[in-house]
Amino acid sequence: APTGILVNAGEGLGYRLFGLDGQLLGEWLTASPMFGRNEGIHLVGATGALVFLGSQDNVPALMISQQGALSPLVTFPQPQQFGGMVSLPGSTQIAYTAFEPAEDGTVLRSRLYIGEPGTLSSAAPVLTYDSRESTYIQPLALHTGEAGVEGVWYTYTMWGIGGGPLVDPRLGLVYLDLATGSTLDGLGTDQGFSGLSPDQTWAAWVTIL
């Protein structure tokens, strides 16, 4: 069961964590405007830090809020864009994607990164994906085993389409094995991904006709 509920108190007011008994457990400043959707937020383990998608000098950035101070971890200057973030509850591990058109404009190139807040800015991508159909990879969940984080589930999202529950095309479901770099298709791109169970054993989708 969750230990609490993280609530967006509104722009300029930050986030607040409430226990299941309604008691305030913590609050974090997020003074910069919020971009994107709720896939861009993570409470980092027991460190008391909050990583969220905000901005630095009007440039979208992954920010960290800790002890009342804000600082950027990774920025996304144009034409680069943020593609989503996932994390492990109670841990320091974070995965995110960034995407941009290739220099020759023929493909949309997305990259997947994994690390802790202190290493994200220097992390090398664990996966690079080129699409001629204007799709980018969106991380869904980190998979753990005895060795820690062993893989990442991700889907494909259409660039420029989204913003609401009725228009959120996510195609396919893929598992990336970090040890080997190999991928396994759980769903094809003709299947619209809908959700992954918390234990990562079940997936929901619709068939695209």
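How many helices and how many strands are there in the protein? Colour the cartoon by secondary structure and you will find zero helices and 16 strands. Keep in mind on this tour that you are looking at a predicted model.

**The whole chain**

Start with everything selected and a surface switched on. The protein exposes about 11,200 Å², and carbon and sulfur atoms supply 53% of that area. Of its 209 residues, 40% count as buried. If you like contact maps, here is a number to go with yours: among contacts between residues at least 6 apart in sequence, 29% join residues at least 24 apart.

**Stop one: the sheet E1-E2-E3**

Now select residues 4-8, which are strand E1, then residues 15-19 for strand E2, and 24-28 for strand E3. Together these three strands make an open sheet, ordered E1-E2-E3, with antiparallel pairing. E1 and E3 are the edge strands, each pairing on one side only. Look along the sheet and you can follow its twist, which averages 20 degrees from one strand to the next. As a reminder, strands of a sheet pair through backbone hydrogen bonds, either parallel or antiparallel.

Zoom in on E1 and E2, where five bridges hold the antiparallel pairing. Pick Val7, a residue of strand E1. Which residue of E2 is the bridge partner of Val7? Click across to Arg16 and you have found the partner.

Val7 is also worth viewing on the surface. Its relative accessibility is 33%, so Val7 counts as partly exposed. Add Ile5 and Leu20 to the selection: with Val7 they make a nonpolar surface patch of about 270 Å².

**Stop two: the salt bridges**

How many salt bridges does a search of the whole structure find? The search finds three, and you can visit them in turn.

Stay with Arg16 for one of them. Show side chains for Arg16 and Glu27, which form a salt bridge whose closest N and O atoms are 3.6 Å apart. The pair links distant parts of the chain, with Arg16 in strand E2 and Glu27 in strand E3, eleven residues apart. Arg16 has a relative accessibility of 32%, so it counts as partly exposed.

Next, select Arg111 and Glu100. Their side chains meet in a salt bridge, at 3.7 Å from N to O. Arg111 belongs to strand E10 (residues 108-115) and Glu100 to strand E9 (residues 94-101), so this pair ties together parts that are eleven residues apart in sequence. At 23% relative accessibility, Arg111 is partly exposed.

Strand E10 takes part in another salt bridge as well, through Arg109. Show Arg109 with Asp130 and put a distance label on the pair: the N to O separation is 2.7 Å. Asp130 sits in strand E11, 21 residues from Arg109 in the chain. Both ends are partly exposed: Arg109 has a relative accessible area of 27%, and Asp130 has one of 38%.

**Stop three: backbone oddities**

Switch to a backbone view for the last part. Most residues other than glycine have a negative phi, and most peptide bonds are trans. The next residues are departures worth checking.

Go to the loop between strand E7 (69-75) and strand E8 (81-87), where you will find Pro79. The peptide bond from Gln78 to Pro79 is cis, with omega near 10 degrees.

Then move to Ser134, in the loop between strand E11 (127-131) and strand E12 (135-145). Ser134 is not a glycine, yet its phi is positive, at about 60 degrees. With 33% relative accessibility, Ser134 counts as partly exposed.

Finish at strands E15 (residues 183-196) and E16 (residues 203-207), which run antiparallel and are joined by five bridges. To follow the pairing, select Gln191 and its bridge partner in E16, Thr207. Six residues lie between the strands of this hairpin, and in it Gln200 takes a positive phi near 60 degrees. Is Gln200 buried or exposed? Gln200 is buried, because its relative accessible area of 18% falls under the 20% cut-off.

Notes
Residues are numbered from 1 along each chain as its sequence is written. This is a predicted model: local features need pLDDT of at least 70, side-chain atom pairs count only at pLDDT 80 or more; totals for chains, interfaces and linings use all residues. Side-chain values use heavy atoms; hydrogens and water are left out. Two strands pair if DSSP finds at least two bridges between them. Helices (H or I, at least four residues) and strands (E, at least two) are DSSP runs, numbered from the N terminus. Axes are lines fitted to C-alpha atoms, for helices over the stretch in contact, and angles run from 0 to 180 degrees between N-to-C directions. Patches are made of residues with over 30% relative accessible area and no salt bridge: like charges are joined within 9 Å, nonpolar side chains (Val, Leu, Ile, Met, Phe, Trp, Tyr) within 5 Å. Accessible areas come from the Shrake-Rupley method with a 1.4 Å probe; for residues, only the protein chains shown count as cover. A salt bridge is a side-chain nitrogen of Lys or Arg within 4 Å of a carboxyl oxygen of Asp or Glu. Buried means under 20% relative accessible area, exposed over 50%, partly exposed in between (1.4 Å probe, protein chains only). Contact means heavy atoms within 4.5 Å.
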